[in-house]
Amino acid sequence: MLTPSKTFGKNDFFAVGDLVCWNVMGKNKSGVVERLYFNEQGGRDVAFASVFEFSDGKKYEVLCLNLKKIHKSVVDEIEN
């Protein structure tokens, strides 16, 4: 059963300062969350995050549904 909702996506899972990754047209990107917000689109509030991307030093506005949190264990594996 479909339940009516005023929001599309959630930003409860993320916090400012979290390391995240996402994919854009087959290219992986990673960065740090600078801001979480809702933007009204199509009559619903859509969850977005402003993310500072590491490799090119640019800010991206990313749909929270596309983000994955990078956990400390993954960072440790990459460093070693």
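**Exercise 1. Work out which residues make up the largest nonpolar core, and which strands feed it.**

Step 1: pin down the terms. A nonpolar core is a set of buried Ala, Val, Leu, Ile, Met, Phe, Trp, Tyr and Cys residues joined through side-chain atoms within 4.5 Å. Buried means under 20% relative accessible area, exposed means over 50%, and partly exposed is in between (1.4 Å probe, protein chains only).

Step 2: list the members. The largest nonpolar core has 10 residues: Phe-14, Val-20, Trp-22, Val-33, Ala-47, Ala-49, Val-51, Val-62, Cys-64 and Leu-67.

Step 3: map them to elements. Two or more residues each come from β2 (19-24) and β4 (44-53), and β4 gives the largest share, 3 residues. Strands here are DSSP E runs of at least two residues, helices are H or I runs of at least four, and numbering starts from the N terminus.

A bit of background: in soluble globular proteins, nonpolar side chains tend to be buried together.

Before going on, a word on the model: it is predicted, so local features need pLDDT of at least 70 and side-chain atom pairs count only at pLDDT 80 or more, while totals for chains, interfaces and linings use all residues. Residues are numbered from 1 along each chain as its sequence is written, and side-chain values use heavy atoms, with hydrogens and water left out.

**Exercise 2. Sketch the overall layout of the chain.**

Step 1: count elements. There are 6 strands and 1 helix, in the order β-β-β-β-β-β-α along the sequence.

Step 2: check burial. The chain has 80 residues, and 25% of them count as buried.

Step 3: look at the surface. About 5900 Å² is exposed, with carbon and sulfur atoms supplying 55% of it; the areas come from the Shrake-Rupley method with a 1.4 Å probe, and for residues only the protein chains shown count as cover.

Step 4: look at contact range. Take the contacts (heavy atoms within 4.5 Å) with a separation of 6 or more: 42% of them are between residues 24 or more positions apart.

**Exercise 3. Which strands does β2 pair with, and where does Val-20 fit in?**

Step 1: find the partners. Two strands pair if DSSP finds at least two bridges between them. β2 runs antiparallel to β3 over 6 bridges, and 2 bridges join β2, also antiparallel, to β6 (residues 68-69).

Step 2: pick out bridge partners. Asn-23 is matched with Asn-28 in β3, and Val-20 with Lys-69 in β6.

Step 3: zoom in on Val-20. This residue sits in β2 and is buried at a relative accessible area of 0%. Leaving aside residues up to four places away in sequence, Val-20 touches ten-strong company, including Phe-14, Ser-30, Val-33, Val-51 and Leu-67. Its C-alpha lies 5.6 Å from that of Ser-30, 10 residues apart along the chain.

**Exercise 4. Compare the two hairpins by their positive phi values.**

Step 1: the β2/β3 hairpin. It has 2 residues between the strands, and Met-25 takes a positive phi near 50 degrees. Met-25 is in the loop between β2 and β3 (27-41) and counts as exposed, at 86% relative accessibility.

Step 2: the β4/β5 hairpin. Here 5 residues lie between the strands, and Gly-57 in the turn has a positive phi of about 65 degrees. β4 and β5 (residues 59-63) run antiparallel, joined by 5 bridges, with Phe-48 opposite Leu-63.

**Exercise 5. Is Asp-18 buried or exposed, and what does its side chain reach?**

Step 1: locate Asp-18. It lies in the loop between β1 (7-8) and β2.

Step 2: check accessibility. Asp-18 is buried, at a relative accessible area of 17%.

Step 3: list the neighbours. A polar side-chain atom of Asp-18 lies 2.8 Å from the backbone nitrogen of Ala-15. Beyond four places in sequence, Asp-18 touches Phe-13, Gly-31, Val-32, Val-33 and Lys-69.

**Exercise 6. Classify the aromatic pairs.**

Step 1: set the rule. Rings of Phe, Tyr and Trp (its six-membered ring) pair if their centres lie within 6.5 Å; planes under 30 degrees apart count as stacked, over 60 as edge-to-face and the rest as tilted.

Step 2: apply it. The structure holds 3 aromatic pairs. Among them, Phe-13 and Phe-14 are edge-to-face, at 5.3 Å between centres and 80 degrees between planes. Tyr-37 and Phe-48 have centres 5.9 Å apart and planes at 15 degrees, so this pair is stacked.

Step 3: place the stacked pair. Tyr-37 is in β3 and Phe-48 in β4, so the pair ties together parts 11 residues apart in sequence.

Note on methods
Polar contact = N/O pair within 3.5 Å; in protein donor to acceptor, adjacent residues only side chain to side chain.
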